[in-house]
Amino acid sequence: MSVKHTLAPFSAWLQAFSKPFTLPDKHGYREGADRYRGWHINDTKKCIGCGSCAEICQNVAIDMVPVDDPVKGDSGLRPRVDYGRCCWCALCVDVCPSGSLGMSNEYIWVEADADKFRYIPGVDPKPWDNAEKGWRQEEGFDLVDHERVPMPMLDPAERTKTWAEVVIGYSEEEARQEASRCVECGLCVAACPAHMHIPDYIAAIRDGDDIAALNIIYDNNPMPEMCGKVCTRRCEGVCSIGVQGDPLAIRWLKRYVTEQFDDLKDVVHAEVERVGEGKKVAIVGGGPSGVTVAYYLAIRGFDVTIYEALPQLGGATFFGIPKYRFPMPSLEKQVKLLTDSGVKIVTNHRVEKDEMRQLVKDNDAVFIGTGLMKPYGLRAPGEDLPGVMYALDMLRDHHIGKKVDITGKVVVVGGGNVAIDASRVSLRLGAEVTIAYRRRKVDMPADDEEIEDAEAEGVEIIPQAIPLRVEQTGDGRLDFIWGPAEMVQEEEGRRPRPKLIEGVENHMIVDRVIVAIGQGAEHSWMPEEIAEKIADKRGWITVDENGMTAYEGIFAGGDLVNSTADAISAIADGLRAVVGIQKYAGVLPQAEDEGSEPVAIAK
Amino acid sequence: MMHILDEIRERFGAEWQNEQRPDLLQIGVQAKTIVPLLTWLKAHTPFVQLTHLSAVDWIEDGEFQLTYLLTDPKAHVSLMVCTRIDREQAEAESIHALWPQAVTYEQEINEMFGIHFPGSPRQGVPFILEGWNDIPPMRRDFDTVAYMNSHHPSRPGREHTDPRAYIGKVFGERGYLHDDD
C-alpha cells in the first residue's frame, strides 16, 4: 500500500473545507415550458383502459394494470409508466382515444432507488397530478382516425317508393379502410351480449382475409348477416374510438363480410367433435335463440328439429323487421346453412299442449324460444274500434304475404323499433304517418339511426303525447285524442316520467291507429304443468346459469328470458343453452366445461 | 416568392411545387437535378444557407425522400427541395462541396437510414450509435419494440395485462365452431 492510499481518507476530508467545483443554481427552480413533455398525468375517470398507450409505446415502457373491476366500456386497467424506459416521445398521449392521458411540464423527481421511477398516473398520487401545463393531445394531430367511412344509402326520396334495402353496404376498399381505424382494445367484446370476437374479425377484414373474418364471426353467431344489418350494436356504444370520434362501424363491417359469400357451406368450417350423435333435441320457436341452439348442436352431431309457427325461420327478425332493412335472401342464406348442417325445420307448425308433452318425452332436451307475441293494449277507450290495430300483427301479416289494410293517414303509438318499423312500412304502403310517443324524443328506445331515417323519409314525430281515447268520426274515420305530457323527475338517476297535463285535448283525425307500445309472453300453447313451473305471472321465464328452466330438461332463451329483448341477446341465450344442453346430456367435452361463467338472468 | 419556383421549374424541371406557408416553399425535383439546382440556388439566389437535410422512409413506395432545407437569411424565407431515391439502391450525390456542414447531416442519414453519399468524408463512421449491428434504425422495417425487448430486459416488477385478452377472459368470451376455443 502506498503512502498516497494511506493519506487518501484524510485528504478527502480536507476537500470538505475547500471551494466546491460545482456552481450553485442561481435561478433556483425553473418551470418547464408550457408544452414540456414531463411526467405523465391521467384523468382516470376519462380513461377507459383501452391500452392504446401501451400498444404504441416503442420502448415498451407502459404496462396496463388492473385497478378496478372491468365493466362494459372500461377494462378497469390503467397505464403504469416505467421511466427506466420512457423516452418522453408522447406517442402515448397523441394516440390516446379517450384523450385522458397527458404529460405535465414537471421534470424534477429525485429518488435514491432507481426502481421507484414507475407509477400509475392518476392513481398513484404525484405532486404534478393537477398540472395545467405540459403536453396534451392537440386536435388534428391525434393518431387515431376519428371519422367513420360513410355508409352509402339510398336517397330518402327514393326509399319510400320501393322495398329495396336502404343501406347499400361498404365496398371492399371502404371496408378495409374502416377496419383499419380499430385499435383492437376489445372493449366491444364486453358489451356484446354474445361476446363476439370483434377486434379479431375486424383485423381479418383489415388484412384482406374475408374467409377468416367470416369464420371468426360464425364462431359465436349463426345469424351474422342479420346482425350485420339490424343489430342493436351495443359494441359501438363503448368503442374507444367513439369517445372522441365516430365509433367503428362494427355492424357494417360484419355486414360487409357476410355479404361476400353467397353460399356459406364451403366457407364456414366447424371443427368440433360430434359428441351429440344419438341425442335428440327439439326447439320450439325458430327465432335467433332457437337457431343458435340448433346450429351449434347440429354441428356437434345432435339430431335437432326446429318447430316454427310461421312460414319462415327468423322469429322477430323475419316477421317484425322490414325487408328494406333485412331482405329475405339474407335470411334464407343463413337458414340454408342450418339445413346444410343437418337441422330439420318444420315451419307453419304451432306446437300445442299434447305435442309439447310428447316432445319432452321423446327428446333429450327441449329448448323454448317462442318470444313475445302478444302485443300490449293501448289502455285507452276505443282500442277495439275498427281501424285500430297492433303493429306486431300488422308487420307479421305484411311479411307473411297477407294483405294489410293500411291507408290514408296513420298514427303510430309508441317509440321503439317496432313503432319505427310499422311507420316506415306504412309509408311504403302509401300512408301518411305520424308517431305519437309519450316521452321525449331522446327517450325513444328505438335506434337513433332508425329515428333519423324515418324522419328523413317523412315520418312526423310528436313527443310527449299521451293517448286519451280513440273515437269514430261521422265519416268513418278515427279521432285520435291525446293530451300533452310534462316530464317529471321523480327519482334521482331514473329517467323522467311523463305526466299528463290535465284539461288539454288534442285531436288528430286519422284513418288507422297502430299500437306499438310493447309486447308480452303468450303461453296458451304450453301444458299447464310446464307453464306453472317455468313462467312467472307475467309470463317471463327464469333460467339457471346453464339456460335451463325449473323444469328439468327444458331450456329457454330469447325475449322470453332476457331483459334486453334484442336479437344478439337471444343469440347469447342460445349459446348458453348450447353448453347447458351438452352438459345436461352428459356429452360436454371436459375442455369446454371450463371458461365461461354465465350469470343467471332474472327479469 | 413564387417566381423562384417558376424559375426553378423552367431551368431544372420540377415534379411538383407548393407554397405551404408564405415563408415556406416546397418543390419536388428529380435526384439527378439536386447538385446543379442547389449550386445554382447558392450562387444566384438569396437561398444561400443549408439549414437542414433530412430523410423520410416511404417504404410502401420503395423510396426514400431527401429534403434539403435552404434559407434566405435576410428575408427569413425557406425553400424545401425534395427528391425521391430508390430504397434498394439507396444512394445520393453528396453536397458537402457546397456546404461543409452537410458532411454531418450525410453521416447521420447514412447511419440512421442506410443511405449512402459517395465521396462524403465520414460515411460509415458511427455518429451516435455505438456498435450497431442491426438494420438502420430509422428504416420503417426496423422493429423497435422487438429490438427493445431483446436488448433491454425489463426491471423486476413489470407485468402487463393485455386489455383484449383480459376482457375476453373476464366476460367469458368463447367460441363454438372449434373444440379448442
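This section describes the fold of chain A in a predicted model, its contact with chain B, and the packing of selected helices and strands.

Chain A contains 20 helices and 22 strands. Along the principal axes, its C-alpha atoms fill a box of roughly 120 × 65 × 45 Å. Of its 603 residues, 45% count as buried. Among the contacts in chain A with a separation of 6 or more, 73% are between residues 24 or more positions apart.

The contact between the two chains involves 44 residues of chain A and 27 residues of chain B. On the side of chain A that touches chain B, two or more residues each come from strand E2 (62-66), strand E3 (77-82), helix H6 (187-191), helix H8 (210-218) and helix H20 (567-584) of chain A. The largest share, 4 residues, is supplied by E2(A). By class, this side of chain A consists of 22 nonpolar, 13 polar and 9 charged residues.

Helix H8 of chain A, which gives residues to the side touching chain B, is also mostly covered, with 7 of its 9 residues buried. The buried residues are A:Asp210, A:Ala213, A:Leu214, A:Asn215, A:Ile216, A:Ile217 and A:Tyr218. They pack against H7, helix H9 (224-230) and H11 of chain A.

Two of these partners, H7(A) and H11(A), also pack against each other. The axes of helix H7 (residues 198-206) and helix H11 (residues 250-258) of chain A come within 11 Å and cross at roughly 55°. At this angle H7(A) is oblique to H11(A), and the crossing is left-handed. From H7(A), the residues A:Ile198, A:Tyr201, A:Ile202 and A:Ile205 take part; they meet A:Ile250, A:Leu253, A:Tyr256 and A:Val257 of H11(A). The contact of H7(A) with H11(A) has 8 nonpolar residues, with no polar and no charged ones. As background to the spacing of such positions, an α-helix has 3.6 residues a turn, so residues three or four places apart point the same way.

A second helix pair is formed by helix H17 (residues 417-428) and helix H18 (residues 448-457) of chain A, which pack at an angle of about 25° with their axes 10 Å apart. Angles under 35 degrees count as roughly parallel, and H17(A) and H18(A) are therefore roughly parallel to each other. The crossing of H17(A) and H18(A) is left-handed. H17(A) contributes A:Asn417, A:Ile420, A:Ser423, A:Arg424 and A:Leu427 to the contact, and H18(A) contributes A:Glu450, A:Ile451, A:Ala454 and A:Glu457. By class, the contact of H17(A) with H18(A) has 4 nonpolar, 2 polar and 3 charged residues.

Among the strands of chain A, 5 form an open sheet with parallel pairing, in the order E9-E8-E7-E10-E22. Its edges are strand E9 (344-346) and strand E22 (554-556) of chain A, each of which pairs on one side only. On average, neighbouring strands of the sheet are turned by 20° against each other, direction ignored. The edge strand E22(A) pairs with strand E10 (residues 365-368) of chain A in the parallel sense over 3 bridges. Within this pairing, A:Val366 has A:Ile554 of E22(A) as its bridge partner. In general, strands of a sheet pair through backbone hydrogen bonds, either parallel or antiparallel.

Conventions
Residues numbered from 1 in each chain as written. Chains lettered and ligands numbered in written order. Predicted model: local features only at pLDDT ≥ 70, side-chain atom pairs only at ≥ 80, totals over all residues. Buried ≥ 20, exposed ≤ 12 C-beta atoms within 10 Å, placed from the backbone. Contact = placed C-beta atoms within 7 Å. Nonpolar A, V, L, I, M, F, W, Y, C, P; charged D, E, K, R; others polar. Pairing = 2+ DSSP bridges. Axes fitted to C-alpha atoms, helices over the stretch in contact; angles between N-to-C directions. Parallel < 35°, antiparallel > 145°, perpendicular 65-115°, else oblique. Left-handed = near helix turned anticlockwise from the far one by under 90°.
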